[in-house]
Amino acid sequence: VPEMTCDIAMKKGEKIDYAIMKEGEPILLIECKHWAQDLNLHDNQLIRYFNVSKAKFGILTNGITYRFYTDLIEPNKMDEKPFLEVDITDLKDNQIEELKKFHKSYFDVDNVLSSANELKYTELKAILAKEFVNPSPDFVKYFAKQVYDGIITAKLLEQFTSLTKKSISTYINDLISERLKSALNTEETVSSQEK
C-alpha cells in the first residue's frame, strides 16, 4: 500500500511511503528518502510510524542503503539500531541470504525475528576484527594474565601487545593453511578416484 496513513497522536494524516500488508495488517513499513539523504536524519520518522502500527519490521532507505529494523529490545517499540544494513553497491553473500527471507515465498515472521536477533549482535564480528588488527589494552591484558602472574606494567603491556598481534596472525595463518591443505587433499582424492 503506497502512502499508507499512520496517524500519530497529535498529527493526523501522517503517511508512510509504503506498507507491505498481510491479511489486512501492515507487517513491513518502508520509508524512502532521496539517494543523497543522510538516513541518520530520518530514523525518528520511521520510529513514529512503527510505534503506532502493528508492523513487525521497518525499512529506512535512500535507495542505496537499506536499514532493517524490528522491536527486539522492547515490544512494539522500534529498536534504535537496525538489525541489518545493506548497501546495494557492496552486497555480501550473507546479506543476500538475509534479504531472501523477506521474499513473499519465504517470509515467516518468526524466522526473520530469529535471524534479526542473531544479526543484531554481528557487531561482535566488527569489534573482534578491530581488536585483531589493533588490540586494546584490556584485550591484551586479558590474554597476558593467562600466561603471566605479575603486575602488567606499561612496558610489559607493550610487549604483550606485540605478542598478541603475532599470536593472532599466526593462528589465522595456521587456520588458512589447514583449510588449504584439506581442500587440496580433497581435490587430490577426487582426482585419483576419477582416474
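Reader: Why is Glu23 called exposed?

Author: Exposed means over 50% relative accessible area, buried means under 20%, and partly exposed lies in between (1.4 Å probe, protein chains only). Glu23 has a relative accessible area of 76%, so Glu23 is exposed. The structure is a predicted model, in which local features need pLDDT of at least 70 and side-chain atom pairs count only at pLDDT 80 or more, while totals for chains, interfaces and linings use all residues. Residues are numbered from 1 along each chain as its sequence is written, and side-chain values use heavy atoms, with hydrogens and water left out.

Reader: Where is Glu23 found, and what is notable about its phi?

Author: Glu23 is in the loop between strand 2 and strand 3. Its phi is near 55°, which is a positive value in a residue other than glycine.

Reader: What makes a stretch of the chain a helix or a strand, and how many of each are there?

Author: Both are DSSP runs, numbered from the N terminus: helices are H or I with at least four residues, strands are E with at least two. The chain has 6 helices and 6 strands. Along the sequence their pattern is β-β-β-α-β-β-β-α-α-α-α-α.

Reader: Why is Ile16 called buried?

Author: The relative accessible area of Ile16 is 0%, so Ile16 counts as buried. Ile16 belongs to strand 2. Its C-alpha atom is separated by 7.0 Å from that of Leu29, 13 residues apart along the chain. Of the 195 residues of the chain, 32% count as buried.

Reader: What makes Phe57 and Phe102 an edge-to-face pair?

Author: Rings of Phe, Tyr and Trp (its six-membered ring) pair if their centres lie within 6.5 Å; planes under 30 degrees apart count as stacked, over 60 as edge-to-face and the rest as tilted. By this rule there are 9 aromatic pairs. In one of them, Phe57 and Phe102, the ring centres are 5.6 Å apart and the planes are at 85°, so the pair is edge-to-face. Phe57 is in strand 4 (residues 57-61), and Phe102 is in the loop between helix 2 (93-100) and helix 3 (109-119), 45 residues apart, so the pair links distant parts of the chain.

Reader: Which type of aromatic pair do Phe57 and Phe107 form?

Author: Phe57 and Phe107 form an edge-to-face pair, with 6.0 Å centre to centre and 85° between the planes. This pair also links distant parts of the chain, 50 residues apart, from strand 4 to the loop between helix 2 and helix 3. Phe57 has 1% relative accessibility, so Phe57 counts as buried. Phe107 is buried as well, with a relative accessible area of 16%. Ring pairs link Phe57, Phe68, Phe83, Phe102 and Phe107 into a cluster.

Reader: What makes strand 4 mostly covered?

Author: In strand 4, 5 of its 5 residues are buried. Phe57, Ile59 and Thr61 point one way, Gly58 and Leu60 the other way, and all are buried. In a regular strand the side chains alternate between the two faces of the sheet.

Reader: How do you know that strand 4 pairs with strand 3 and with strand 5?

Author: Two strands pair if DSSP finds at least two bridges between them. Strand 3 and strand 4 are joined by 5 bridges and run parallel. Strand 4 and strand 5 (residues 65-69) are joined by 4 bridges and run antiparallel. Thr61 of strand 4 is the bridge partner of Cys32, and in strand 5 the bridge partner of Thr61 is Tyr66. The hairpin of strand 4 and strand 5 has 3 residues between the strands, and in it Gly63 takes a positive phi near 85°.

Reader: Which residues of helix 5 are buried, and what puts them on the same side?

Author: The buried residues of helix 5 (residues 137-147) are Phe139, Val140 and Ala144. They cover an arc of only 125° around the axis, so they are on the same side of helix 5; the arc is that of the directions from the helix axis to the C-beta atoms. On the other side, Asp138, Tyr142, Lys145 and Gln146 are exposed.
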